[in-house]
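I opened this one to see how the two chains meet and what sits around the contact. Notes below, in the order I looked things up.

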Amino acid sequence: MSYAIKRGVSLYSYQDEFYTGKMNLEDCIRAAAEAGATGVEFLPEQMLNNFPELTGDFFKQWFEWMEKYNVEPVAYDAFLETKLYGNRMLTRSESVKLMKRDIALAGKLGCKVLRTLVSTPLEVVKDSLGFAEEHNVKIALEVHAPFTFGTPWFEERLDFIKESGTKWFGIMPDLGVFVKRMAPVMSDFYIRKGGTPEIIALINENYENGGDRKAFLEQVKQMKDATEMDKKYAELATHIVFTKPQILLDNIPYIMHVHGKFYEMDESLQEPSIPYKDILDALKQGGYNGYICSEYEGNRHIQDYMEVDSVTQVRRHQMMLQQLIG
Amino acid sequence: MFEKYLVHPSGFRNVTSEGQTVGYEVQLRIPYYRGIPMSCVKEITLTVDDAAVPHESTSFLVKGEWLKYDELPTAVNHRWEMADAITVRVEQTGGLQPGAHKVKGYVSLRISYQPHPNVGEDEKVLTLEP
């Protein structure tokens with residue numbers, strides 16, 4: 001089947017440099033373009049001061065950057081602050097109002113896709129679909145660990161998408177649901193904080209072999225040499241998700257966008273924990289025609305002891321994607 | 001995440017008013033990957049030289065306006081930005097003695113999409129700026 005997979009970068013990838021002031025928003029857009037991306041995705045709540053009050057000058061600036069660096073806006077990562085108040089959740093109508101605010105902003109920024117989170121109530125999405133259509137913005141549900149395909153949460157939403165036939169609500173898999181091996185940056189972090197290399201290795205082995213991780217956590221708790229960090233790492237392993245990448249094939253018609261999550265790219269352009277080749281094969285076989293955006297998330301596991309270089313990480317990830325897309 | 005930046009190395013100073021030292025200030029960075037409204041702050045606690053600072057003596061400068069600790073739960077329009085420090089002012093007659101002090105910050109944030117809060121803690125030895 002023919003496919004046309006486009007490469008983008010989520011500016012989330014550069015959060016470390018953004019936080020420390022080494023890069024501003026324009027620097028992030030430039031870095032994405034220089035890495036070979038044709039599209040950018042971002043988190044307005046991360047990178048826009050005075051969100052959600054954006055000025056006309058900002059929108060003008062945004063599109064000037066898009067033109068200058070020859071990239072297009074792809075996706076707007078929304079949050080939906082349902083716990084804005086400490087004493088109650090937002091009501092349905094309040095949540096819909098927030099959702100519409102984000103849809104309108106996404107539209108004004110030229111983003112055709114709005115990422116919504118696992119926690120967004122389905123009713124809120126349903127009440128926003130007409131507005132999404134008016135603004136030409138699709139609402140894409142991020143399928144993100146610890147949730148994944150095939151869970152009751154997912155099936156309820158997919159059933160709605162299929163039964164309603166809506167074109168304005170779909171899914172956005174985060175490739176963090178395809179973690180085949182525990183990420184070395186995570187193991188190393190736990191070892192630095194007091195984990196036992198031998199026990200961490202056993203936990204990794206059990207994960208990779210598809211062993212029962214909850215049972216293994218109990219086993220680790222019983223080990224007389226296990227440290228607190230060993231136990232925490234064994235618990236972390238119970239929250240990491242491996243779904244078979246072939247699941248993507250069954251869901252191609254509903255995939256509006258892909259978050260190319262990665263934790264580390266080594267010099268040989270390999271991601272040690274996520275089977276990118278299998279994933280891209282499935283997307284190609286299914287004839288996927290959308291964007292896959294690099295989303296680097298290794299920074300938080302190394303920032304305690306070394307300088308983060310998100311620019312190099314993203315560049316390598318884009319090179320790998322280019323090779324795999326072919 | 002980002003918790004090693006929580007206690008900001010600069011801006012630690014005594015505050016004077018009408019010739020009297022009435023307290024001191026510390027700058028804090030958010031231990032999280034995006035900005036959030038101050039109403040989503042569950043707790044901010046400072047510990048200076050191993051003594052916890054009472055919440056009722058703290059105020060916060062966010063987006064150019066001061067909020068007292070017990071006003072934070074309703075501060076839905078004041079965002080603690082990812083890239084900006086907020087100032088914490090502690091009322092304490094006489095302020096702090098010149099020199100180095102152990103300053104610890106603890107921040108707990110209510111994250112809408114997670115069942116548990118996002119927590120960050122950081123301790124640095126800071127020298128009081130003139």
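**A buried arginine**

I started with B:Arg79, which counts as buried because its relative accessibility is 9%, below the 20% cut-off for that label. A caveat for everything here: I am reading a predicted model.

I then checked where B:Arg79 sits, and found it in strand β8 of chain B, residues 79-80. What does the side chain of B:Arg79 reach? I got the backbone oxygen of B:Gly35, at 2.5 Å.

Next I listed the neighbours of B:Arg79, skipping residues up to four places away in sequence. From chain B I noted B:Gly35, B:Ile36, B:Pro37, B:Val62 and B:Lys63. From chain A I noted A:Glu45 and A:Phe51, so I followed those two names into the contact between the chains.

**Where A meets B**

I looked up the area first: chain A and chain B bury about 2400 Å² between them, and 53% of that is on carbon and sulfur atoms. On the side of chain A, the trio A:Tyr19, A:Lys83 and A:Gln303 supplies 32% of the area buried against chain B, more than any other three residues. The contact takes 26 residues from chain A and 27 residues from chain B.

How many salt bridges run between chain A and chain B? The count is 3. One I looked at joins B:Arg34 to A:Glu45, with the closest N and O atoms 2.9 Å apart. A:Glu45 is also on my list of residues touched by B:Arg79. For polar contacts between the chains, I have 17 residue pairs, both partners at pLDDT 80 or more.

I also asked which elements of chain A give two or more residues to the side that touches chain B. They are α1 (15-20), α3 (44-47) and α15 (299-302). The largest share, 5 residues, comes from α1(A). By class, I wrote down 11 nonpolar, 10 polar and 5 charged residues for this side of chain A.

**Odd backbone spots**

A:Phe51, the other chain A neighbour of B:Arg79, is joined to A:Pro52 by a cis peptide bond, with omega about 5°. A:Pro52 lies in the loop between α3 and α4 (56-68) of chain A.

That loop between α3 and α4 of chain A also holds A:Asn50. A:Asn50 is not a glycine, yet its phi is positive, about 70°. I have A:Asn50 down as partly exposed, with a relative accessible area of 45%.

I noted another cis bond, from A:Ala145 to A:Pro146, with omega near 5°. A:Pro146 is in the loop between β5 (138-143) and α8 (152-164) of chain A.

In chain B, I flagged B:Asp49, a non-glycine with a positive phi of about 50°. B:Asp49 is in the loop between β4 (41-48) and β5 (51-52) of chain B, and it is partly exposed at 37% relative accessible area.

**The nonpolar cores**

Last, I looked at packing. Nonpolar side chains tend to be buried together in soluble globular proteins. Here the largest nonpolar core has 150 residues, and those with the most contacts inside it are A:Leu11, A:Leu280, A:Leu283, B:Leu28 and B:Ile44. Another core, of 7 residues, lies apart from it, with A:Ala75, A:Val113, A:Ala140 and A:Met256 among them.

I picked A:Leu280 for a closer look: it touches A:Ile5, A:Ile292, A:Leu321, A:Leu324 and A:Ile325, leaving out residues up to four places away in sequence.

Note on methods. Residues numbered from 1 in each chain as written. Chains lettered and ligands numbered in written order. Heavy atoms only, no water. Core = buried A, V, L, I, M, F, W, Y, C linked by side-chain atoms within 4.5 Å. Buried < 20%, exposed > 50% of the residue type's maximum accessible area, 1.4 Å probe, protein only. Contact = heavy atoms within 4.5 Å. Buried area = accessible area lost by both parts, 1.4 Å probe. Salt bridge = Lys/Arg side-chain N within 4 Å of Asp/Glu carboxyl O. Polar contact = N/O pair within 3.5 Å; in protein donor to acceptor, adjacent residues only side chain to side chain. Helix = DSSP H or I, 4+ residues; strand = E, 2+ residues; numbered from the N terminus. Nonpolar A, V, L, I, M, F, W, Y, C, P; charged D, E, K, R; others polar.
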